Amino acid sequence: MARTAARPVVRLKSTAGTGVTYVTRKNRLNDPDRLVLRKYDAVTGKHVLFREER
């Protein structure tokens, strides 16, 4: 299977300012805006918002 530009790899950075990041893929057709997910930040020990960085 070919990896297309419709599913780019994006880096999610914690909004808590700890520098924790997640790497995931997103569907550009369904989510054209920047991705925001609530994920676990191991440094703070809580779930916080992670925003897509470019």
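# Exercises on a four-stranded sheet

Leucine 12 touches Val20, Thr21, Tyr22, Thr24, Leu35, Leu37, Lys39, Phe50, Arg51 and Glu52, leaving aside residues up to four places away in sequence. The model is a predicted one. The exercises below start from this residue and work outward.

**Exercise 1. Find the strand order of the sheet and name its edge strands.**

Step 1. The sheet is open, has four strands and follows the order β2-β1-β4-β3, with antiparallel pairing.

Step 2. A strand at the edge pairs on one side only, and this holds for β2 (21-25) and β3 (36-41).

Step 3. From one strand to the next, the twist averages 40°.

**Exercise 2. State how many bridges join β1 to β2 and β1 to β4, and give a residue pair for each.**

Step 1. Five bridges join β1 to β2. One residue to look at is valine 10, which stands opposite threonine 24 in β2.

Step 2. Four bridges join β1 to β4. Here serine 14 stands opposite phenylalanine 50 in β4.

Step 3. For the other neighbour of β4, the pairing with β3 is antiparallel over six bridges. Lysine 39 has valine 48 of β4 as its bridge partner.

Step 4. The hairpin of β1 and β2 has six residues between the strands, and glycine 17 in this hairpin takes a positive phi near 80°.

**Exercise 3. Sort the residues of strand β1 (residues 9-14) by face.**

Step 1. In a regular strand, side chains alternate between the two faces of the sheet, so every second residue should be read together.

Step 2. Val10, Leu12 and Ser14 make up the covered face of β1.

Step 3. Val9, Arg11 and Lys13 make up the uncovered face.

**Exercise 4. Decide whether valine 10 is buried or exposed, and place it in the nonpolar core.**

Step 1. The cut-off for buried is under 20% relative accessible area. Valine 10 has 6% relative accessibility and therefore counts as buried.

Step 2. Its contacts, not counting residues up to four places away in sequence, are Tyr22, Val23, Thr24, Lys26, Leu35 and Glu52.

Step 3. The largest nonpolar core has six residues: Val10, Leu12, Val20, Leu35, Val48 and Phe50. At least two residues of this core come from β1, and at least two from β4.

Step 4. Valine 10 also lies 7.3 Å from glutamate 53, C-alpha to C-alpha, although the two are 43 residues apart in sequence.

**Exercise 5. Locate the two salt bridges of the whole structure and describe the setting of each.**

Step 1. One salt bridge joins glutamate 53 to arginine 11, with the closest N and O atoms 4.0 Å apart. This pair links distant parts of the chain, since glutamate 53 is in strand β4 and arginine 11 in strand β1, 42 residues apart.

Step 2. Glutamate 53 is partly exposed, with a relative accessible area of 33%. Arginine 11 is partly exposed as well, at 41%.

Step 3. A salt bridge also forms between glutamate 52 and lysine 26, where the closest N and O atoms are 3.0 Å apart. Glutamate 52 is in strand β4 and lysine 26 in the loop between β2 and β3, 26 residues apart, and this pair too links distant parts of the chain.

Step 4. Both glutamate 52 and lysine 26 are buried, whereas glutamate 53 is partly exposed.

Methods:
Residues are numbered from 1 along each chain as its sequence is written. This is a predicted model: local features need pLDDT of at least 70, side-chain atom pairs count only at pLDDT 80 or more; totals for chains, interfaces and linings use all residues. Side-chain values use heavy atoms; hydrogens and water are left out. Two strands pair if DSSP finds at least two bridges between them. Axes are lines fitted to C-alpha atoms, for helices over the stretch in contact, and angles run from 0 to 180 degrees between N-to-C directions. Buried means under 20% relative accessible area, exposed over 50%, partly exposed in between (1.4 Å probe, protein chains only). Contact means heavy atoms within 4.5 Å. A nonpolar core is a set of buried Ala, Val, Leu, Ile, Met, Phe, Trp, Tyr and Cys residues joined through side-chain atoms within 4.5 Å. A salt bridge is a side-chain nitrogen of Lys or Arg within 4 Å of a carboxyl oxygen of Asp or Glu.
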